[in-house]
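Biologist: I should like a close look at one part of this model, namely its interior. Which residues make it up, and how do the surrounding elements relate to it?

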Amino acid sequence: MAAAAAAGPVFWRRLLGLLPGRPGLAALLGRLSDRLGRNRDRGRRRSPWLLLGPLLSPTVPQVTSPPCCLCPEGVHRFQWIRNLVPEFGVSSSHVRVLSSPAEFFELMKGQIKVAKRRVVMASLYLGTGPLEQELVDCLESTLEKSLQTKFPSDLKVSILLDFTRGSREQVRVSLFHTPNLRGLLRLLIPERFNETIGLQHIKVYLFDNNVILSGANLSDSYFTNRQDRYVFLQDCPEVADFFTELVGAVGDVSLQLRGDDTVQVAEGMVHPYKGDRAAYCQAANKRVMDVINSARTRQQMLHAQTFHSDSLWTQEDAAAAGDRRPAPDTWIYPLIQMKPFEIHIDEIVTETLLTEAERGAKVYLTTGYFNLTQAYMDLVLGTRAEYQILLASPEVNGFFGAKGVAGAIPAAYVHIEQQFYSEVCSLGQQERVQLQEYWRRGWTFHAKGLWLYLAGSSLPCLTLIGSPNFGYRSVHRDLEAQIAIVTESRALQQQLHQDCSHPPERPV
């Protein structure tokens, strides 16, 4: 059985290549696999449908033109992602991996204090404790200083939160409300549990041309003792422009907070839960996809002008013209997942990465809430790479010790973990697929992400970092965003390796 599972991906990818209408077939098999997964026998014997796991992911999107020997992008194997989203080439010297909540908090305050043009914050919620107040005070002080300048201030502040969690001229506060929470369901479901229907889960913090991508929210524990991941992209104007536009697009389809603490929809926009659901989702899809597609077009034009123009500029020419940015050795790909709006780019890329992970490659996967989708679990168990999965031990789960139903959540994740590990053992995959739990006294664990080590390499060349937890809600219900970072820089690869290997952990 284990040998058959290991051989499955090659066979099914070849078969998939022979079949017409592959996206529809993949979707059909995905639904079939999910149904079979939910109804699989309680004896935990692995279904032979496991071998269909790779079909849940499309084959690698074809690159429309052969790699160009002149382009830095032509040298890495993940350039197919640029067929789906914009590709941003940056220097690794502009990318810094943060390691602690305190470092994250201090950087946030420092960036707010020096912001001149824009501050954009997207989070699940903003807490009400003293540290959150300190952050708000920094923002207020920066706004006041901008108003005291001799010339009209260009500083604009945009904040996007979730309506169920985060309830001025220069400041825009948008509260996203999922279109799936409506009608009788909205009236009957308890307030504490209505967020299970869907959330604004993106975590992006942007200051002028600097961007922090993270899974961390804006509350006290995320600034002190709740371990997460954070990457700081410094002086990356194209990336900053993209995320400003993305947050703006979600803000446009969200409820707008007014000075009297009431909310209203933007002019001309369908109401998210009172209006027609299909019309709202269609409008939201168009608004977000316009951002993705226009940025993709801009980056393609920039790429063509830089590397395919008849008059190619050398780096010396660029420096003489005032552009002193180093040549790119690192590429940023924004991956967006908004299934309520029929946008599932992150799902496509993640499944493709798992499908194509070759024998000898290593994949490190971490999540604070171990509840992988059936498709992701089947790909982990049915492909050939080695996997090390880090998850929260029950004691460092944010719900540990909570009252009522919430207090049972850590035990529920342990049950899911045990079921998955039982399947690993039944396939004889204990050496290839290993689980570890994060544990640190007095801390909780919220980090999520993926690191890919190619065969024969001791350092990762790719990481995914952002808001998704790789679970059902991340894929099907919430609004999510993360970035894929692909780098050839050994120094940045060392940072990414340290990012994935430093947490305290213990074997399951």
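Modeller: Two residues are taken to be in contact when heavy atoms of theirs lie within 4.5 Å. The model is a predicted one, and a suitable place to enter its interior is methionine 338. Leaving aside neighbours within four places in sequence, methionine 338 is in contact with Ile202, Leu246, Val250, Val288, Ile343, Asp478 and Leu479. Met338 and Phe420 are the residues with the most contacts inside the largest nonpolar core, which has 88 residues. Helix H6 supplies the largest share of this core, with 8 residues. Another core lies apart from it and has 36 residues, including Phe105, Val119, Ile212 and Tyr273.

The sheet on which H6 packs deserves description next. It is an open sheet of 9 strands with mixed pairing, in the order E2-E9-E7-E6-E3-E4-E5-E10-E11. Its edges are formed by strand E2 (95-98) and strand E11 (263-265); each has a single partner strand, so one side of each is left without a neighbour in the sheet. From one strand to the next, the twist averages 20 degrees. At the E2 edge, E2 runs antiparallel to strand E9 (residues 230-233) and is joined to it by 4 bridges. Within this pairing, valine 97 has valine 231 of E9 as its bridge partner. Helix H6 (residues 237-252) packs on the sheet and touches strands E3, E4, E5, E6, E7, E9 and E10, with its direction at about 60 degrees to that of E3.

Aromatic residues form a further feature of the interior. The structure holds 12 aromatic pairs. One of them joins phenylalanine 104 and tyrosine 205, whose ring centres are 5.8 Å apart and whose planes stand at 55 degrees, so the pair is tilted. Both phenylalanine 104 and tyrosine 205 are buried. These two residues belong to an aromatic cluster that also includes Phe105, Phe223 and Tyr230. Phe105 is in addition among the residues of the 36-residue core.

A second aromatic pair leads to another region. The ring centres of tyrosine 364 and tyrosine 453 lie 5.2 Å apart with the planes at 45 degrees, and this pair is therefore tilted. Because tyrosine 364 lies in strand E14 and tyrosine 453 in strand E18, the pair ties together parts that are 89 residues apart in sequence. The burial of the two residues can be stated separately: tyrosine 453 is buried, with a relative accessible area of 3%, whereas tyrosine 364, at 21% relative accessibility, counts as partly exposed. The limit that matters here is that a residue is buried under 20% relative accessible area.

Strand E18 (residues 449-453) itself is largely enclosed by the rest of the structure, because 5 of its 5 residues are buried. In a regular strand, side chains alternate between the two faces of the sheet. Both faces of E18 are covered: Gly449, Trp451 and Tyr453 are buried on one side, and Leu450 and Leu452 on the other. E18 pairs with strand E14 (residues 362-367) in the antiparallel sense over 5 bridges, and valine 363 has leucine 452 of E18 as its bridge partner. Strand E19 (residues 462-466) also pairs with E18 in the antiparallel sense, over 3 bridges; here the bridge partner of tryptophan 451 is threonine 463 in E19.

One interaction between a charge and a ring may be added. The charged end of arginine 440 sits over the ring of tryptophan 443, at 3.8 Å from its centre.

Conventions:
Residues numbered from 1 in each chain as written. Predicted model: local features only at pLDDT ≥ 70, side-chain atom pairs only at ≥ 80, totals over all residues. Heavy atoms only, no water. Pairing = 2+ DSSP bridges. Helix = DSSP H or I, 4+ residues; strand = E, 2+ residues; numbered from the N terminus. Axes fitted to C-alpha atoms, helices over the stretch in contact; angles between N-to-C directions. Buried < 20%, exposed > 50% of the residue type's maximum accessible area, 1.4 Å probe, protein only. Phe/Tyr/Trp six-rings, centres within 6.5 Å; stacked < 30°, edge-to-face > 60°. Lys NZ or Arg CZ within 6 Å of the ring centre and 35° of its normal. Core = buried A, V, L, I, M, F, W, Y, C linked by side-chain atoms within 4.5 Å.
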